[in-house]
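Colleague: I am new to this structure and would like a close look at a single part of it. Could you pick a good place to begin and walk me through what surrounds it?

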Amino acid sequence: MPSDFRELFETHYARVCRQAGCILNDADAAEDIVQETFCRLLLNPPRQRVNVGGWLSRVATNLALNHLRGRRSRTQREETAGRRWQPGTLSAEEQVLRSERLALARQALAGLSERERLCLLLRFSGMSYAEVAEAIGIKINSVGTVLTRAEAKFRRRYTALNGGTEDVF
């Protein structure tokens, strides 16, 4: 560990921690963000060491905002999943039909390319186009095209597997 790292840590830690704490309103999450910030300083320091405090501030802010976005997306996905299906609200017949549809959907998904499958699953789990693009390594402008083609291919495969009936959830 470079000796100047210790000095930078001691100089900037409290300020960066306060900043992350203000953004997140969660002391534990703020500590995680600060740890990640200083790990990035150690592993990938800025090219110019002129304004390390500003660099640390920007990195901490970006990490905190990414954390908030992830938390918001996760909450939305969990709430959506909870509204779609609640145990005990389906009759035995409805549960069997649901299980059959899920099996058909899994088969239809298995017939898609990995990129198409990931695009569909990530988008319908609540991720934004930008998040999907980053996760599967494509340009954000391509997500809509890949998604549209994947949906059409999925629908055709599902309908064929379901005997020509298009009752996709």
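Modeller: Let's begin at Ser 57, which touches Arg 15 and Gln 19 once residues up to four places away in sequence are set aside. Please keep in mind that this is a predicted model. Ser 57 belongs to helix H3, residues 52-84. One of its two neighbours is also a polar partner: the side chains of Ser 57 and Gln 19 make a polar contact at 3.0 Å.

From here we can step over to Thr 37, a residue of helix H2, which covers residues 27-43. Is Thr 37 buried or exposed? Its relative accessible area is 0%, and because buried means under 20%, Thr 37 counts as buried. Around Thr 37 you will find Val 16, Trp 55, Leu 56, Val 59, Ala 60 and Leu 63, again leaving out residues up to four places away in sequence. The side chain of Thr 37 also has a polar atom 2.8 Å from the backbone oxygen of Ile 33.

Thr 37 has company in being buried: the buried residues of H2 also include Ala 29, Ala 30, Ile 33, Val 34, Phe 38 and Leu 41. At the start of this helix, the backbone nitrogen of Asp 28 has a side-chain oxygen of Asp 26 within 3.1 Å. You can check the length of H2 yourself. It has 17 residues, so at 1.5 Å a residue the expected span is 24 Å, and the C-alpha atoms at its ends are indeed 24 Å apart.

Further along the chain, have a look at how two other helices meet. Helix H5 (residues 114-124) packs against helix H6 (residues 129-136) at an angle of about 145°, and their axes are 10 Å apart. The crossing of H5 past H6 is right-handed. On the H5 side, the residues that meet H6 are Arg 115, Leu 118, Cys 119, Leu 122 and Arg 123, and their counterparts in H6 are Tyr 129, Val 132, Ala 135 and Ile 136. Sorted by class, this contact has seven nonpolar residues, two charged ones and no polar ones.

Finally, Met 127 sits in the loop between H5 and H6. Beyond its neighbours within four places in sequence, Met 127 is in contact with Leu 122 and Val 132, and with Arg 77 as well. Look also at Gln 76: it is 51 residues from Met 127 in sequence, while the C-alpha atoms of the two are 9.6 Å apart in space.

How values were computed:
Residues are numbered from 1 along each chain as its sequence is written. This is a predicted model: local features need pLDDT of at least 70, side-chain atom pairs count only at pLDDT 80 or more; totals for chains, interfaces and linings use all residues. Side-chain values use heavy atoms; hydrogens and water are left out. Axes are lines fitted to C-alpha atoms, for helices over the stretch in contact, and angles run from 0 to 180 degrees between N-to-C directions. Helices (H or I, at least four residues) and strands (E, at least two) are DSSP runs, numbered from the N terminus. A crossing is left-handed if the near helix is turned anticlockwise from the far one by less than a right angle, and right-handed if clockwise. Contact means heavy atoms within 4.5 Å. Ala, Val, Leu, Ile, Met, Phe, Trp, Tyr, Cys and Pro count as nonpolar, Asp, Glu, Lys and Arg as charged, and the others, Gly among them, as polar. Buried means under 20% relative accessible area, exposed over 50%, partly exposed in between (1.4 Å probe, protein chains only). A polar contact is a pair of N or O atoms within 3.5 Å; within protein, one must be able to donate a hydrogen and the other to accept it, and residues adjacent in sequence count only if both atoms are side-chain atoms. The expected span of a helix is 1.5 Å times one less than its number of residues.
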